[in-house]
Amino acid sequence: MSLTNSPGGASPAAAIATTKVTMPALLEMKRQGKPISALTAYDYATARLVDEAGIEMILVGDSLAQVVLGHDNTLAVTVDEMLHHTRAVRRAVRRALLVADMPFGSYHGEVRDGLANAVRFVKEAGAEAVKIEGPRVELVRALTEAEIPVVGHLGLTPQSVHRMGGYRVQGKTAEAVTALKASARALAEAGAGAVVLEGVPREVAAAITADLPVPTIGIGAGPDCDGQILVLHDLVGMTFAPAAKFVRRYADAGALIRGAVERYREDVERGAFPSDEESYHLPQAAQRALKTGHKQEALRKA
Ligand code: KIV
């Protein structure tokens, strides 16, 4: 049992403006030159903290395959698993725009199949937009026509890990930069409301950001994008491999949790947990009756 899910008791950070963030609101932020903050979240508790901290866009990223489910890459996570986590995040998020990542294989075939899977994220899990990797312009157009906002994702697209031969910075030649710029423009023209740029040189991200009418959200793409996104577990130190160059670790929650768990184990082992104050007690009358009962029992046995 835990009573942690009550809707009240919000932290002081909940004082952040509660105006709902929508896809048009992100566009307006770009127009006004206001940086967009985005983070991943995969469960109720962390999504609630991220939302209450005032982050504008929360992505239920397929990175959950790695940071939550322990897979080596993002390829194994399924639509059902992504739906399950998106629903949990949905219950927590009030203000941020909630975007669900479409997992590998769920949009790589026929456009109508990608559309049907995207509909599930909106209908069954409450996503307000879906994110897809690569220049899948036809699918973006179909999703837009079906009233499903789309976030594109270009550059180092982790679902292409085998084609790329590893996680390598993309857009390092003149031809690659031209292709990236053309893809970003094509996605925006097809209706994408924002484009994530991952693992590309700062100069390339800056040029695409200046060229696009919709916001770019960077990860490992330098400071000139319209917004930034990180994986929450990287930001708070809850991962088990060396962090990428672009990660800034704002906290060491891993050490905090490990320390707390060790202290708990030690207290249990030396009988220091729970204390009398942490125990429930019988009412006085029931205690007396219990004592009397025990005495009578002892006398009967004697
Ligand atoms: O799945 C993910 O975490 C992403 C990143 C862009 C944050 O796609």
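This passage describes helix packing, the ligand shell and selected loop residues in a predicted model.

Three helix pairs are considered. Two packed helices are described by the angle between their axes and the distance between the axes. Helix α2 spans residues 44-52, and helix α4 spans residues 79-92. The two pack at an angle of about 45°, and their axes lie 8 Å apart. α2 is therefore oblique to α4. Their crossing is right-handed. On the α2 side, the contact is made by Tyr-44, Ala-47, Arg-48 and Asp-51. On the α4 side, Ala-88, Val-89, Arg-91 and Ala-92 take part. By class, the residues of this contact divide into 5 nonpolar and 3 charged, with no polar residue.

The second pair is formed by α5 (residues 111-123) and α6 (residues 137-145). The packing angle is about 45°, with the axes 10 Å apart. This angle makes α5 oblique to α6. α5 passes α6 in a right-handed crossing. Val-111, Gly-114, Leu-115 and Ala-118 represent α5 in the contact. They meet Glu-138, Leu-139, Ala-142 and Leu-143 of α6. The contact of α5 with α6 comprises 6 nonpolar residues, 1 polar residue and 1 charged residue.

The third pair is α8 with α9. Helix α8 covers residues 174-190, and α9 covers 202-211. The angle between the two is about 30°, and the axes are 10 Å apart. An angle under 35 degrees counts as roughly parallel, so α8 and α9 are roughly parallel. α8 passes α9 in a right-handed crossing. The contact draws Val-177, Leu-180, Lys-181, Ala-184 and Arg-185 from α8. From α9 it draws Val-204, Ala-207, Ile-208 and Asp-211. The contact of α8 with α9 has 6 nonpolar and 3 charged residues, and no polar ones.

The ligand shell was examined next. The residues around the ligand include Thr-40, Leu-59, Gly-61, Asp-62, Ser-63 and Asp-101. Also around the ligand are Val-196, Glu-198, Ile-219, Ile-229 and Val-231. By class, the shell divides into 5 nonpolar, 3 polar and 3 charged residues. Leu-59, Val-196, Ile-219, Ile-229 and Val-231 supply the nonpolar part. The polar part consists of Thr-40, Gly-61 and Ser-63. Asp-62, Asp-101 and Glu-198 are the charged members. Some shell positions can be placed on strands. Leu-59 falls in β2, which spans 57-60. Val-196 and Glu-198 fall in β6, which spans 194-198.

Two loop sites have particular backbone geometry. Phe-273 and Pro-274 are joined by a cis peptide bond, with omega at about 0°. Pro-274 is placed in the loop between α11 (253-269) and α12 (284-301). Glu-147 is not a glycine, yet its phi is positive, at about 70°. This residue sits in the loop between α6 and β5 (150-155). Glu-147 has 8 C-beta neighbours inside 10 Å and therefore counts as exposed.

Three further loop residues cover the range from buried to exposed. Ile-55 lies in the loop between α2 and β2. It is buried, because 25 other C-beta atoms lie within 10 Å. Leaving aside neighbours within four places in sequence, Ile-55 is in contact with Ser-37, Ala-38, Leu-39, Val-50 and Ala-96. The C-alpha atoms of Ile-55 and Ser-279 are separated by 39 Å, with the two residues 224 residues apart along the chain.

Pro-201 occupies the loop between β6 and α9. It is partly exposed, since 18 other C-beta atoms lie within 10 Å. Beyond its neighbours within four places in sequence, Pro-201 is in contact with Val-169, Gly-171 and Lys-172. Pro-201 and Leu-39 are 162 residues apart along the chain, and their C-alpha atoms are separated by 21 Å.

Arg-168 is found in the loop between α7 (161-164) and α8. With 10 other C-beta atoms within 10 Å, Arg-168 is exposed. A separation of 73 Å lies between the C-alpha atoms of Arg-168 and Ala-289. These two residues are 121 residues apart along the chain.

Methods
Residues are numbered from 1 along each chain as its sequence is written. This is a predicted model: local features need pLDDT of at least 70, side-chain atom pairs count only at pLDDT 80 or more; totals for chains, interfaces and linings use all residues. Axes are lines fitted to C-alpha atoms, for helices over the stretch in contact, and angles run from 0 to 180 degrees between N-to-C directions. Helices (H or I, at least four residues) and strands (E, at least two) are DSSP runs, numbered from the N terminus. Angles under 35 degrees count as roughly parallel, over 145 as roughly antiparallel, 65 to 115 as roughly perpendicular and the rest as oblique. A crossing is left-handed if the near helix is turned anticlockwise from the far one by less than a right angle, and right-handed if clockwise. Two residues are in contact if their C-beta atoms, placed from the backbone, lie within 7 Å. A residue is near a molecule or strand if its C-beta atom, placed from the backbone, lies within 6 Å of it. A residue is buried if 20 or more other C-beta atoms lie within 10 Å of its own, exposed if 12 or fewer, and partly exposed in between; C-beta atoms are placed from the backbone.
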